[in-house]
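Grab your viewer and work through these exercises one at a time. Each has a task and then a solution in steps.

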Amino acid sequence: DNSIHIVAIWEGEETVRQIYLWLNGDINLFDVGGIAVKKNNRTVITPPNKPVDYSDISPIEYSLYPNYKDLFPLIEDSRGCPYRCNFCSNENVFGARIRFKEPDLVLEEVHKITELYETESLPLIFYNSIFGVNPKIAKEIITKIKKSKLDIRFLTSTRVDSRWKMYVDDLEGLCDQMHFGLESASPEILL
């Protein structure tokens with residue numbers, strides 16, 4: 001199909017910036033990291049870019065969307081996953097590792113969203129592969145949100161075999177839903 005020129009693979013923040021530079025004639029197409037592109041009827045995959053410093057990733061700028069108040073705001077407090085589930089794309093996109101946003105940055109993002117949405121009670125979605133894979137960081141985020149006295153509620157997801165029991169009691173009055181992912185109900189299949 002000739003309608004597709006470039007496919008971005010792996011993390012996109014730096015790749016999209018480099019595609020912009022290529023479109024402006026500032027760099028060669030094959031200097032763009034993390035893409036698949038056709039050359040002489042063959043697919044060429046360029047090496048991935050280094051993962052961006054997670055604390056430098058800007059939060060979603062909801063005010064740019066005309067109907068942003070119709071959307072549930074997403075907070076990404078971590079990226080990636082240390083597990084290697086064969087059905088999941090995480091390992092292919094982020095590698096088999098996880099990076100965490102500093103809890104103060106998470107709280108700052110929550111503050112910005114609550115100011116923008118101007119509502120009494122705001123539902124947030126902690127959008128990540130596994131909330132609380134590091135229970136110490138999860139507890140710190142939960143504690144900071146509770147101390148801020150912001151009237152928010154959130155939902156998130158985790159794994160059944162993660163250490164969620166170490167912080168679940170702290171979620172009372174803050175978390176409406178926690179979704180648990182299962183690879184299988186059969187231990188034999190998991191081996």
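**Exercise 1. A charged pair between two loops**

Task: Find out whether Glu118 is buried or exposed, then find which residue forms a salt bridge with Glu118.

Solution. Start with the surface: Glu118 is exposed, its relative accessible area being 64%. The scale here calls a residue buried under 20% relative accessible area, exposed over 50% and partly exposed in between, using a 1.4 Å probe and protein chains only. Before going on, note that this is a predicted model, where local features need pLDDT of at least 70 and side-chain atom pairs count only at pLDDT 80 or more, while totals for chains, interfaces and linings use all residues. Residues are numbered from 1 along each chain as its sequence is written, and side-chain values use heavy atoms, with hydrogens and water left out.

Next, the partner: Lys69 makes a salt bridge with Glu118, with 3.5 Å between the closest N and O atoms. To count, a side-chain nitrogen of Lys or Arg must be within 4 Å of a carboxyl oxygen of Asp or Glu. Lys69 sits in the loop between S3 and S4, and Glu118 in the loop between helix H3 (103–117) and S7, so the pair ties together parts 49 residues apart in sequence. Those labels are DSSP runs numbered from the N terminus: helices are H or I with at least four residues, strands are E with at least two. Finally, Lys69 is partly exposed, at 44% relative accessible area.

**Exercise 2. More salt bridges**

Task: How many salt bridges does a search of the whole structure find? Then look at Lys101 and Lys144, and say which residue each one pairs with.

Solution. The count for the whole structure is 12. Lys101 pairs with Glu109, their closest N and O atoms lying 2.8 Å apart. Both Lys101 and Glu109 are buried.

Lys144 meets Asp104 in a salt bridge of 2.9 Å, N to O. Since Lys144 belongs to helix H4 and Asp104 to helix H3, the pair ties together parts that are 40 residues apart in sequence. Lys144 counts as partly exposed, at 24% relative accessibility.

For a bigger picture, pick out Glu11, Glu13, Glu76, Arg79 and Arg99: a network of salt bridges links them.

**Exercise 3. Two sheets**

Task: In what order do the strands of each open sheet run, and which strands are at the edges?

Solution. Take the three-stranded sheet: its order is S1-S2-S3, with antiparallel pairing. S1 (6–8) and S3 (42–45) stand at the edges with a single partner strand each, so one side of each has no neighbour in the sheet. On average, neighbouring strands here are turned by 25° against each other, direction ignored; the axes are lines fitted to C-alpha atoms, for helices over the stretch in contact, and angles run from 0 to 180 degrees between N-to-C directions. S1 is joined to S2 (residues 35–39) by three bridges, and Val7 stands opposite Ala36 in S2. Two strands pair if DSSP finds at least two bridges between them.

Now the four-stranded open sheet: its order is S4-S7-S8-S9, and the pairing is parallel. S4 and S9 (175–181) are the edge strands, each pairing on one side only. S7 (residues 122–126) and S8 share four bridges, and Ile125 has Leu155 in S8 as its bridge partner.

**Exercise 4. Two tyrosines and a patch**

Task: Is Tyr62 buried or exposed, and which residues does Tyr62 touch?

Solution. Tyr62 lies in the loop between S3 and S4, yet Tyr62 is buried at 5% relative accessible area. Leaving out residues up to four places away in sequence, Tyr62 touches Tyr68, Phe72, Pro73, Leu74, Ile113, Leu116 and Tyr117, where contact means heavy atoms within 4.5 Å. The C-alpha atoms of Tyr62 and Tyr117 are 9.3 Å apart, with their positions 55 residues apart along the chain.

**Exercise 5. Positive phi**

Task: Where do Asn40 and Lys149 lie, and what is the phi of each?

Solution. Asn40 is in the loop between S2 and S3, with a positive phi of about 55° although Asn40 is not a glycine. Asn40 is exposed, at 70%. Lys149 is in the loop between helix H4 (135–148) and strand S8 (152–159), and its phi is near 65°, also positive. Lys149 counts as exposed, at 71% relative accessibility.
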